[in-house]
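Here is my note on the model you sent. Please read it with the structure open.

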Amino acid sequence: MADETTETRSEAAPSETTRPPAASPDTALAREIARRRTFAIISHPDAGKTTLTEKLLLYSGAIELAGAVKRKAQQRHASSDWLEMEQARGISVTSSVLQFDHQGLCFNLLDTPGHQDFSEDTYRVLTAVDSAVMVLDAAKGVEPQTVKLFEVCRRQGLPVLTFVNKLDLAGREPLDLLDEIERVLGMPAVPLNWPLGMGSTFQGVYDLRADRVLRFERVARGERETPMEVSGIDDEKLARLLPERLLAELREEVELLAAAGQDFDPAAYREGRQTPVFFGSALNNFGVGPFLAGLAELAPPPQPRPSDHGPVTPAQSGFSGFVFKVQANMDRQHRDSMAFLRVVSGRFETGMSVDHPRLGRKLRLPRAHRIFARERESTEEAFAGDVVGLVNPGLFAIGDTVTAGVDVRFPPLPHFPPEHFARLRPVSVDKHKAFQKGLRQIEEEGAIQVFYEVAAARREPILGAVGELQFDVVQSRLEQEYGVATQVHRLPHRGALWVLAPAAAQAQVQWPMRGVMQAQDSEGRLVALTESEWAADFLREKNPELELATSL
Ligand code: G4P
């Protein structure tokens, strides 16, 4: 029964007129799911992700929410809450889920930390969305962090929509930017609108599909957008509107695009083979409307997810979801751990009884929350595509599957291989218990991995992380949340290789004399921490029969 509903799943929001008078529960469920759009924004820091988020909320009418995002942005500098790290470095470490309605659709925007040292966290967030938005600064184009995050989207096969921001400032030529996206990211970029001028001459955008000009006017009390229908770029109305030089440029560029550019292909976008591009200025709230309309039109609804029993489709019978993020102490008022669960299929209800396959037990789901910035609100129900926060008394770990009425397990979320290592010691031995507890909690959140040297006299944790900043975060959190001051001693190691063999075979391993430390991870598995590629190659060459893995 359920599979049929999903097969006929509508891509667009159902309109009032097509609604049957009394929908059956299944139809109502399918309708709720079909109107979900779950996405994340990726960008290099400072390209305008926070500003665009705020303006998307403004457009959707969630104005108070937009205020809260702003507060969050200001808190980066002002508040004494949460991680002092964030303020000290002006980075956003935490992330949240914003839900807003627009044009009958329900958008879930999953925030991602911007700093590259948190790319592992971002990676996991990207496993929980159905599409991504890439924000570029028009003056800077494709920046290093954009490349990294884009690669993650590509690996996931996520459709990516592009917003070129800061058109109110002098920037690079739009054609040059499109070319850069194609060259650097290897993804054909197809503009859906085109800027009229740039910087001080920025006049608006030309909708290439609808032959419509959206004029950007600077008026006494700010700016306003004035739509104007035109019959094409030769329309006389354009000549009256634009200075001669701008109009000549526009005509030339549109001709060039028609001759050399690719046509927009929605299927190619959905399959991650083409990125539609919108231009605008988030700060001036210009071009955000067309962009949001584009997102509503193009972004895919909740997608199926692979499992050990084949793909799980959103509207099939039974509830399922997976935990993609665990975060403790998000708020001083709620000093608990929160597990973020993406609903993959069906309906989530507070208090429902579920299976937890990893623990092999049934449990009643704790109260669920919608997470908005650092604020939370209880929620009674959620649908495939939504994300709920579950208060987590140690039951949920990253990658856990939760189900009801369907027997599936989703694949584990892979770790990024750690590249930085350091010994961690509490300054005072009295704090040993709190130190252990804090470290275990932070490891469960997946931000770092913990190793122990095999032959060491003392069992002292060695942290492994993707980015060095993670060490600062661990130290800062242990101090703030668990009252434990620590010292970090960097180690020269650069990689980890898990030795996947029975104990007898492990005893036969030929180790190089130098450049490798034999360690165990916190589950007791043997790991070689290597200082160089040479050491890793030695292990591989001298032990050809051994299976060595760079991450588990
Ligand atoms: P991020 O989340 O990607 O890191 O970027 P964020 O939105 O915080 O924007 C980074 C800076 O760029 C901010 O300025 C923001 O005001 C500015 N900005 C964003 N969009 C536009 C735009 O369309 N035009 C112009 N001119 N600037 C834009 P800031 O001075 O660093 O911070 P703030 O003091 O304004 O908060």
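The points below take the ligand site and then one pair of strands.

1. A caution to begin with: this is a predicted model. Please keep that in mind for each distance quoted here.

2. The ligand has 16 residues around it, and those that come nearest are Asp46, Lys49, Thr50, Thr51 and Ser281. By class, the shell divides into 5 nonpolar, 7 polar and 4 charged residues. Helix α3, residues 49-59, gives the largest share of this shell, with 3 residues.

3. Look next at the ligand's oxygen atoms. An oxygen atom of the ligand lies 2.5 Å from an N or O atom in the side chain of Thr50. At Lys49 the partner is a polar backbone atom, 2.8 Å from an oxygen atom of the ligand. Ala47 also offers a polar backbone atom, here at 3.4 Å from a ligand oxygen. As for cover, the ligand on its own has 710 Å² of accessible area, and the protein covers 64% of that.

4. Now strand β7, residues 193-196. Which residues point one way, and which the other way? Asn193 and Pro195 point one way, while Trp194 and Leu196 point the other way. In a regular strand, side chains alternate between the two faces of the sheet. Are the four β7 residues buried or exposed? All are buried, that is, each is under 20% relative accessible area.

5. The partner of β7 is worth a look too. Strand β8, residues 204-207, pairs with β7 in the antiparallel sense, over 4 bridges. Within this pairing, Asn193 stands opposite Asp207 of β8.

Notes:
Residues numbered from 1 in each chain as written. Predicted model: local features only at pLDDT ≥ 70, side-chain atom pairs only at ≥ 80, totals over all residues. Heavy atoms only, no water. Buried < 20%, exposed > 50% of the residue type's maximum accessible area, 1.4 Å probe, protein only. Helix = DSSP H or I, 4+ residues; strand = E, 2+ residues; numbered from the N terminus. Pairing = 2+ DSSP bridges. Near = heavy atom within 4 Å. Polar contact = N/O pair within 3.5 Å; in protein donor to acceptor, adjacent residues only side chain to side chain. Areas by Shrake-Rupley, 256 points an atom, 1.4 Å probe, with all protein chains shown as cover. Nonpolar A, V, L, I, M, F, W, Y, C, P; charged D, E, K, R; others polar.
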